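Subject: Structure handover

Hi,

Here is the structure I said I would pass on. Please open it alongside this email.

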Amino acid sequence: MKDAFGAPQSLLVLGGTSEIALATARRLIALRTRRVWLAGRPSPALESAAAELRGRGADVRTVDFDALDSASHEVVLGKVFAEGDIDVVLMAFGVLGDQARDEEEPMAAVRVAQTNYTGAVSAGLVCAGALQAQGHGSLVVLSSVAGERARRADFIYGSSKAGLDAFAQGLGDALQGTGVQVMVVRPGFVRTRATAGRPEQPLATGPEEVAAAIVTGLRRRSETVWVPGSLRVVMAALRHVPRPLFRRLPI
């Protein structure tokens, strides 16, 4: 449960090495979050992330989690919830893929879709059910502005995020009145290891800016968070640009 100051006391991160997720965890720990689960594939990076958060005063545990192994999600995540209530679940796993390669190698494209969408549907439903059973909590879903409208440059990744975004919105509607909040976060281009070397897009941000928006959104119990906020207006306009013109835009 949240403490007397309204801050979540426990956090489960799906995608435990995500730079955005770890920036968010640091901010929440500074606000009195004391128990953190980092779920991801076993790796030195996962252990390093856990050690760094422990150094900030949190009780941090790691759990083996593979987004592609949907059959394991109910058991793996069930064990985490069996240890005690979780106030916030941050679903932060995902892959960008390589558009040119993925168009030539359909199974690579399928892997993007299975990670970003199928794995998220499985994990999201398991976590939503557990949050509903405990009667409270927030599920934060890292979507992307790329899911708002497919672009030639990244339509495989964008389509996977479009599916995730629609799923998360519907799940939020289904959970209305249960005490469980679903918050969809739509960042634009974020400067991370995953985007290193890619051309930077307008209105780019970093993990810290996204983390700050997530924490603010949790406090306000927002349903949708755009990062930066100006993207809401930009995408409202771009949705209505005719396709022949949209294809020629330098985005």
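Below is what I found, starting with the sheet and moving on to the helices.

One caution before the details: this is a predicted model.

**The sheet**

The sheet is open and has 7 strands. Their order is β3-β2-β1-β4-β5-β6-β7, and the pairing is parallel. Which strands stand at the edges? They are β3 (59–64) and β7 (224–227). Each has a single partner strand, so one side of each lacks a neighbour in the sheet. From one strand to the next, the twist averages 15°.

For a closer look at one edge, go to β3. Strand β2 (residues 35–40) runs parallel to β3, and 6 bridges join the two. To find the register, start from Leu38: its bridge partner in β3 is Thr62.

**Helices across the sheet**

Two helices are worth checking against the strands. Helix α6 (residues 155–174) lies across β4 (88–91), β5 (137–142) and β6 (180–187). Its direction is at about 155° to β6. Helix α8 (residues 231–238) lies across β6 and β7. The angle of α8 to β7 is about 95°.

**α3 against α5**

Helix α3 (residues 70–82) packs with helix α5 (residues 106–134). The angle is about 30°, and the axes are 9 Å apart. That angle is why α3 counts as roughly parallel to α5. The crossing is right-handed.

Which residues of α3 meet α5? They are Ser70, His73, Glu74, Leu77 and Phe81. On the α5 side, the contact takes in Thr118, Gly119, Ser122, Ala123, Val126, Cys127, Ala130, Leu131 and Gln134. By class, this contact of α3 with α5 has 7 nonpolar, 6 polar and 1 charged residues.

**α1 against α2**

Helix α1 (residues 19–30) and helix α2 (residues 44–54) form another pair to inspect. Their axes come within 11 Å and cross at roughly 20°. With that angle, α1 is roughly parallel to α2. Here too the crossing is right-handed.

From α1, the contact residues are Leu22, Ala25, Arg26 and Ile29. They meet Ala49, Glu52 and Leu53 in α2. How does this contact divide by class? There are 5 nonpolar residues, no polar ones and 2 charged.

That is everything from my side.

Best wishes

Key:
Residues numbered from 1 in each chain as written. Predicted model: local features only at pLDDT ≥ 70, side-chain atom pairs only at ≥ 80, totals over all residues. Heavy atoms only, no water. Axes fitted to C-alpha atoms, helices over the stretch in contact; angles between N-to-C directions. Helix = DSSP H or I, 4+ residues; strand = E, 2+ residues; numbered from the N terminus. Parallel < 35°, antiparallel > 145°, perpendicular 65-115°, else oblique. Left-handed = near helix turned anticlockwise from the far one by under 90°. Contact = heavy atoms within 4.5 Å. Nonpolar A, V, L, I, M, F, W, Y, C, P; charged D, E, K, R; others polar. Pairing = 2+ DSSP bridges.
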